[in-house]
Amino acid sequence: MCNEYEECADHVLVDCPYVRKVFEGLSRWCSVNTEDFHTVKDVVDSVSQRGMCHNRRSKILLAVYYGALWSIWKSRNERVFKKNRIPPDKVNDTIKSVTYLWVKNRGKLDKIN
């Protein structure tokens, strides 16, 4: 995403400076610490740990993490295939929209604001 390092999953989805800005916004929005995410495994492990919790917040955070990885990958594809660089704050907006739609329409959480 930043064209400074060789493209690999960990760099493109988690550790690139561009993606770090996305995760900073995600951290502020969800009040979670994403500074310890340096690999895709770190994100997946965090998701797995949250998956053990059955409360509403944990289920929504699962959707947020999955939405983040998916949205970051789509943003990467926009840059690579269409030469369109999406600003990190727009990726965060996409994460919020995608997560809302996933939880609202596919989740078993009836009420979400």
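Patches, in the sense used here, are made of residues with over 30% relative accessible area and no salt bridge, nonpolar side chains being joined within 5 Å. The structure described below is a predicted model, and what follows moves from such a patch on its surface to the nonpolar core and then to the charged side chains.

**The nonpolar patch**

A nonpolar surface patch of about 520 Å² is formed by Tyr66, Trp70, Tyr100, Leu101 and Trp102. Helices α4 and α5 each supply at least two residues of this patch, and it is α5 that gives the most, with three residues. One of the members, Tyr66, lies in helix α4, and this residue counts as partly exposed because its relative accessibility is 47%, which falls between the 20% and 50% limits.

**The nonpolar core**

In soluble globular proteins, nonpolar side chains tend to be buried together. In this model the largest nonpolar core has 24 residues, and those with the most contacts inside it are Phe23, Val43, Ile72 and Ile95. The elements that contribute two or more residues to this core are α1 (9-15), α2 (17-30), α3 (40-51), α4 (56-82) and α5 (88-106). Among these contributors, α4 gives the most, with seven residues.

Phe23 offers a way to look into this part of the structure: when its neighbours within four places in sequence are left aside, Phe23 is in contact with Leu13, Val14, Thr34, Phe37, Val43 and Ile72. Two of these partners, Val43 and Ile72, are themselves named with Phe23 among the residues with the most contacts inside the core.

**Cysteines**

How many disulfides does a search of the whole structure find? The search finds zero disulfides. As for individual cysteines, Cys8 counts as partly exposed, at 40% relative accessibility, whereas Cys30 is buried, with a relative accessible area of 8%.

**Salt bridges**

The count of salt bridges comes to four, and three of the pairs are set out in the table, with the N to O distance for each.

| Pair | N to O distance |
|---|---|
| Arg76 and Glu7 | 2.5 Å |
| Glu7 and Arg79 | 3.4 Å |
| Glu78 and Lys82 | 3.4 Å |

Arg76 forms a salt bridge with Glu7, and this pair links distant parts of the chain, since Arg76 belongs to helix α4 and Glu7 to the segment before α1, 69 residues apart. Glu7 also meets Arg79 in a salt bridge; because Glu7 lies in the segment before α1 and Arg79 in helix α4, this pair ties together parts that are 72 residues apart in sequence. Taken together, Glu7, Arg76 and Arg79 are linked in a network of salt bridges.

Are the residues of this network buried or exposed, or do they fall in between? Arg76 is buried, with a relative accessible area of 10%, and Arg79 also counts as buried, at 16% relative accessibility. Both values are under the 20% cut-off, so both arginines are placed in the buried class. Glu7, by contrast, counts as partly exposed, at 38% relative accessibility.

The pair of Glu78 and Lys82 has another setting, for both residues lie in helix α4, four residues apart, about one turn of the helix. Within this pair, Glu78 counts as partly exposed, at 22% relative accessibility, while Lys82 is exposed, with a relative accessible area of 58%.

Notes
Residues are numbered from 1 along each chain as its sequence is written. This is a predicted model: local features need pLDDT of at least 70, side-chain atom pairs count only at pLDDT 80 or more; totals for chains, interfaces and linings use all residues. Side-chain values use heavy atoms; hydrogens and water are left out. A nonpolar core is a set of buried Ala, Val, Leu, Ile, Met, Phe, Trp, Tyr and Cys residues joined through side-chain atoms within 4.5 Å. Buried means under 20% relative accessible area, exposed over 50%, partly exposed in between (1.4 Å probe, protein chains only). Contact means heavy atoms within 4.5 Å. A disulfide is a pair of cysteine sulfur atoms within 2.5 Å. Patches are made of residues with over 30% relative accessible area and no salt bridge: like charges are joined within 9 Å, nonpolar side chains (Val, Leu, Ile, Met, Phe, Trp, Tyr) within 5 Å. Accessible areas come from the Shrake-Rupley method with a 1.4 Å probe; for residues, only the protein chains shown count as cover. A salt bridge is a side-chain nitrogen of Lys or Arg within 4 Å of a carboxyl oxygen of Asp or Glu.
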